[in-house]
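Me: Please show me the protein, and then let us work through it together with some questions.

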Amino acid sequence: MPGPGPYLKELMRLHDERQQNERSNFEYLLTHYIGVNQEQRQCLRAVLLGYLKTNEVVVGGKCYGCSVCVPDLNFQQYPVSLRRQAVVRLMPETVALMEKIESSNPLLSANLTKMQI
Ligand SMILES: [Zn+2]
């Protein structure tokens with residue numbers, strides 16, 4: 001039976017990989033949600049949905065419910081039904097495909113979960 005060396009090495013590799021992924025996700029949140037070092041910001045709702053991995057996306061890149069999509073903050077100009085329709089749940093097949101791709105290369109996960117349709 002092999003000693004703990006190979007297991008420890010694999011554990012540390014996974015640990016480092018996960019740490020890198022979490023840093024990448026946090027940096028993405030800082031730059032895209034808070035807007036650090038970025039002139040043009042994305043839909044805040046889309047960024048948060050991706051960050052929280054809700055398996056939902058903002059259709060058309062405009063949610064009608066955040067300060068980026070409605071810069072004058074006059075949210076009442078858009079009906080609630082329009083704001084609801086702006087966010088859709090991904091099909092289970094799409095989620096499964098994304099998870100499969102993500103598991104094949106964990107370094108991709110930071111970017112795959114933040115995509116917009
Ligand atoms: Zn928005």
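The questions and replies below go from the whole chain to its core and then to one helix.

Reply: Please keep in mind that this is a predicted model, in which local features need pLDDT of at least 70 and side-chain atom pairs count only at pLDDT 80 or more, while totals for chains, interfaces and linings use all residues. Residues are numbered from 1 along each chain as its sequence is written.

Me: Which pattern does the protein chain follow along the sequence?

Reply: Helices (H or I, at least four residues) and strands (E, at least two) are DSSP runs, numbered from the N terminus. The protein chain has five helices and two strands, and read along the sequence they give α-α-β-α-β-α-α.

Me: Which element gives the most residues to the largest nonpolar core?

Reply: A nonpolar core is a set of buried Ala, Val, Leu, Ile, Met, Phe, Trp, Tyr and Cys residues joined through C-beta atoms within 7 Å. The largest one has twelve residues, including Tyr 33, Leu 49, Cys 63 and Ala 86. Two or more of its residues come from each of α2 (44-51) and β1 (56-58), and the element that gives the most, with three residues, is α2.

Me: How many residues of α4 are buried?

Reply: A residue is buried if 20 or more other C-beta atoms, placed from the backbone, lie within 10 Å of its own, exposed if 12 or fewer, and partly exposed in between. In the protein chain, 17% of the 117 residues count as buried. Helix α4 covers residues 92-104, and it lies largely in the open because, of its 13 residues, the number buried is zero.

Note on methods
The expected span of a helix is 1.5 Å times one less than its number of residues.
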